[in-house]
Amino acid sequence: MLSATALTAGYGRGPDVLTGVSLTLEPGRVIGVQGPSGCGKSTLIRVLALLHPPRGGSVHLDGEPVRRFRYAAPAAQRRRVGVVFQHPRAAADPRHTLRRIVSAHLPPSAPDGETERLADLVGLTPDLLRRRPHEVSDGQLQRACLARTLGAGPRYLLCDEMTAMLDASSAATLVHLIRAQVRQDARAALMVSHDSALLESCCDQTLQWHDLAAVTAG
Ligand SMILES: Nc1ncnc2c1ncn2[C@@H]1O[C@H](COP(=O)(O)OP(=O)(O)OP(=O)(O)O)[C@@H](O)[C@H]1O
């Protein structure tokens with residue numbers, strides 16, 4: 001279980017962006033969080049992904065408190081949480097082929113052919129693996145980024161507006177793939193978006209941002 005309790009977080013000397021946010025993500029569940037632009041959804045994802053230290057409150061990962069964040073977070077905790085960001089072009093090195101991007105987080109023990117299996121899982125054909133980011137569409141690059149995240153074998157998948165750059169059909173394909181992954185491998189997913197229809201179509205439960213201070217999901 002990945003849980004946040006009474007989180008407060010912000011940037012620099014600025015005001016709190018998160019003010020007392022609590023949320024619980026249980027294996028086997030897809031939880032959606034909907035909120036308007038700028039309310040703090042990406043900040044919540046960054047804290048839960050151990051990429052941004054909270055100012056107050058706590059994060060627990062499978063029963064253990066998370067005490068260190070960013071580069072100081074223990075690798076064993078970091079590996080359990082995977083993130084897919086909104087902008088695939090900001091999240092992928094433009095010099096690398098899609099093959100290299102997809103395989104970037106595979107453990108050394110990964111079986112031969114794992115890159116191809118992941119690519120196939122997200123709907124990337126083998127010829128696309130030879131291309132670089134500028135030679136593919138946003139949707140194809142986002143598929144590669146999702147495959148890369150899945151390659152690390154995270155238990156908790158955090159998706160930050162991951163379909164915002166995609167057409168409706170690609171968006172539906174990717175969110176249903178995430179649902180299938182959650183069901184199959186007892187993972188859990190948190191999907192944040194401003195798109196209520198998308199969240200309703202794929203989440204077990206959708207929480208409104210303004211309820212997060214009071215509601216525990218899962
Ligand atoms: N690196 C940063 N430094 C300072 N302020 C930031 C930083 N990142 C975000 N903020 C501010 O924190 C607030 C919440 O931003 P955040 O990106 O978490 O919102 P969001 O709900 O994900 O927005 P959107 O839906 O537009 O992506 C905003 O006021 C934003 O300007």
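## Two helices side by side

Helix axes count as roughly parallel when the angle between them is under 35 degrees. In this predicted model, helix α6 (residues 138-151) packs on helix α7 (residues 168-185) at about 10°, so α6 and α7 are roughly parallel to each other. Their axes sit 11 Å apart.

On the α6 side, G139, Q142, R143, L146 and L150 make the contact, and α7 answers with S170, L174 and Q181. Sorted by class, that contact has three nonpolar, four polar and one charged residues.

## A closer look at α6

How does the length of α6 hold up? With 14 residues at 1.5 Å each, α6 should span 20 Å, and its end C-alpha atoms are indeed 20 Å apart, so the two agree. Just past the end of α6, G153 takes a positive phi of about 70°.

Twelve of the 14 residues of α6 are buried, so the rest of the structure largely encloses this helix. Among the buried ones are Q142, R143, L146 and L150, which also turn up in the contact with α7. Besides α7, the buried residues of α6 pack against β6 (81-84), α3 (88-91), α4 (98-103), α5 (114-121) and β7 (156-160).

## Around the ligand

Over at the ligand, 13 residues form the surroundings, with Y11, S37, K41, S42 and T43 the closest. Helix α1 (residues 41-48) gives the most to this shell, with three residues. By class, the shell breaks down into three nonpolar, eight polar and two charged residues.

Methods:
Residues numbered from 1 in each chain as written. Predicted model: local features only at pLDDT ≥ 70, side-chain atom pairs only at ≥ 80, totals over all residues. Axes fitted to C-alpha atoms, helices over the stretch in contact; angles between N-to-C directions. Helix = DSSP H or I, 4+ residues; strand = E, 2+ residues; numbered from the N terminus. Parallel < 35°, antiparallel > 145°, perpendicular 65-115°, else oblique. Contact = placed C-beta atoms within 7 Å. Nonpolar A, V, L, I, M, F, W, Y, C, P; charged D, E, K, R; others polar. Near = placed C-beta within 6 Å. Expected span 1.5 Å × (residues − 1). Buried ≥ 20, exposed ≤ 12 C-beta atoms within 10 Å, placed from the backbone.
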